[in-house]
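Please open the structure in your viewer and keep the selection tool at hand. The tour below moves from one selection to the next and says what is found at each stop.

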Amino acid sequence: PLINAREEYDRPDIRLPRAQSALLDAVCEKNPNTVLYLVTGYPYSITEEREKAGAVLCSTHLGPCLGHVAAETLFGENNPAGRTPTTWYRSIRDLPALDDYDIMKNRTTYLYFDGKPLYPFGYGLSYTTFEQTLDSVEVGEDTVTVTVTVTNTGSVAGKDVVQVYFNPPYTDGGIEKASANLVTFGKTDSIEPGASQTLTLTFNTEDMASFDSKDKGCYVLEEGDYIISINEDSHTVLDLSLIHISE
């Protein structure tokens with residue numbers, strides 16, 4: 001907290017502190033098979049550092065088990081299935097001033113950012129690979145139910161995360177809309193290589209409302225065609241379907 005950020009003290013930049021970046025340089029010079037392990041509650045701009053390190057592992061502050069979890073993950077005893085809960089930007093130049101919170105105007109957060117992030121919202125890797133198939137999307141009176149089949153196409157057992165997004169209709173209502181909106185998600189159980197698991201996720205149609213900041217000052221669920229997609233992350237669509245929502 002004396003180096004980075006703490007209560008009443010903001011980070012001057014989103015890069016690693018110079019001493020930590022220099023330490024990584026020195027270690028990688030001696031051994032290129034070095035893993036950069038970040039223990040942090042916020043993202044960093046590690047554009048250069050990730051090219052120097054053999055791999056990057058990131059976690060939040062895991063308490064007394066942090067060392068055990070990190071070691072088990074590095075040695076392959078734990079297959080990671082975490083996802084980034086924020087957008088990782090390439091530079092502080094992608095962000096507005098600290099006291100400017102208008103995410104629509106400034107095109108920030110995964111909802112509105114139209115640049116190329118370092119790591120997008122919802123990003124995460126595994127020691128295995130998965131294939132997700134959108135089986136069905138059923139619209140009820142007040143809910144939408146999405147069924148997805150996840151198949152482990154790799155060589156070791158692991159868990160995967162199904163992320164369901166929606167794209168609202170672009171009408172003439174004057175409402176500023178995000179291009180990708182996470183509406184629900186779910187994690188599978190551990191899936192053996194070659195095996196599959198089906199997840200059924202349900203959310204309320206009201207969860208697809210967009211905020212009308214110009215006229216009504218509230219969320220509005222507009223009538224029209226909505227795109228429902230399953231994504232690898234906020235920038236990568238795997239499969240999609242079109243549904244219609246009536247008033």
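Does cysteine 28 count as buried or exposed? Select cysteine 28 in this predicted model, and you will find that it counts as buried, because its relative accessibility is 12%, which falls under the 20% cut-off for a buried residue.

**The whole chain**

Before going further, zoom out until the whole protein chain is in view, with its five helices and eleven strands. Taken along the principal axes, the C-alpha atoms of the protein chain fill a box of roughly 65 × 50 × 30 Å. Of the 247 residues in the protein chain, 38% count as buried.

**The cysteines**

Next, select the cysteines and show their sulfur atoms, keeping in mind that the count of disulfides comes to zero. Cysteine 28 takes part in no disulfide, and the nearest cysteine sulfur, which belongs to cysteine 58, is 17 Å away. Cysteine 65 is likewise in no disulfide, with the sulfur of cysteine 58 again the nearest cysteine sulfur, at 18 Å. Cysteine 65 is partly exposed, with a relative accessible area of 45%.

**Salt bridges**

The following selections concern charged side chains. Side chains of opposite charge can pair when their charged atoms come close. The structure holds six salt bridges, and three of them can be visited in turn.

Begin with glutamate 48 and arginine 15, which form a salt bridge whose closest N and O atoms are 3.6 Å apart. Glutamate 48 sits in the loop between β1 (35–39) and α2 (49–52), while arginine 15 is in the segment before α1 (18–30), so this pair ties together parts that are 33 residues apart in sequence. Glutamate 48 counts as partly exposed at 46% relative accessibility, and arginine 15 counts as partly exposed at 42%.

Move on to lysine 52 and aspartate 25, whose side chains meet in a salt bridge at 2.7 Å, N to O. Here, too, distant parts of the chain are linked, since lysine 52 belongs to helix α2 and aspartate 25 to helix α1, 27 residues apart. Lysine 52 is partly exposed, with a relative accessible area of 34%, and aspartate 25 counts as partly exposed at 31% relative accessibility.

Then select aspartate 100 and lysine 105, whose side chains meet in a salt bridge at 3.2 Å, N to O. Aspartate 100 counts as partly exposed at 23% relative accessibility, whereas lysine 105 is exposed, with a relative accessible area of 54%.

**Two residues with positive phi**

Now turn to the backbone. Most residues other than glycine have a negative phi. Which value does phi take at arginine 107? Phi of arginine 107 is near 55 degrees, a positive value in a residue other than glycine. Arginine 107 is found in the loop between α4 (103–106) and α5, and it counts as partly exposed at 28% relative accessibility.

Select threonine 109 as well, which is not a glycine and yet has a positive phi of about 65 degrees. Threonine 109 is found in helix α5, and at 28% relative accessibility it counts as partly exposed.

**Surface patches**

For the next stop, switch to a surface view and colour it by residue type. Which residues form a negative surface patch? Select Glu141, Asp142, Glu206 and Asp207, which form this patch together. Glutamate 141 lies in the loop between β3 (130–139) and β4 (143–152), and it is exposed, with a relative accessible area of 76%. Aspartate 207 lies in the loop between β7 (196–204) and β8 (210–212), and it is partly exposed, with a relative accessible area of 41%.

Another selection, Ile227, Val237, Leu240 and Leu242, brings up a nonpolar patch on the surface, with about 360 Å² of accessible area together. Strand β11 (residues 236–245) gives the most to the nonpolar patch, with three residues, and leucine 240 is found in this strand.

**Distances across the model**

To finish, draw two distances between C-alpha atoms. Aspartate 207 and arginine 90 are 117 residues apart along the chain, and their C-alpha atoms are separated by 30 Å. Aspartate 114 and glutamate 247 are 133 residues apart in sequence and 30 Å apart in space, C-alpha to C-alpha. Aspartate 114 has its place in the loop between α5 (109–112) and β3, where it counts as exposed at 62% relative accessibility.

How values were computed:
Residues numbered from 1 in each chain as written. Predicted model: local features only at pLDDT ≥ 70, side-chain atom pairs only at ≥ 80, totals over all residues. Heavy atoms only, no water. Patch = residues over 30% accessible without salt bridge, like charges linked within 9 Å, V, L, I, M, F, W, Y side chains within 5 Å. Areas by Shrake-Rupley, 256 points an atom, 1.4 Å probe, with all protein chains shown as cover. Salt bridge = Lys/Arg side-chain N within 4 Å of Asp/Glu carboxyl O. Lys, Arg positive; Asp, Glu negative; His and termini not counted. Charge placed at Lys NZ, Arg CZ, Asp CG, Glu CD. Helix = DSSP H or I, 4+ residues; strand = E, 2+ residues; numbered from the N terminus. Buried < 20%, exposed > 50% of the residue type's maximum accessible area, 1.4 Å probe, protein only. Disulfide = S-S within 2.5 Å.
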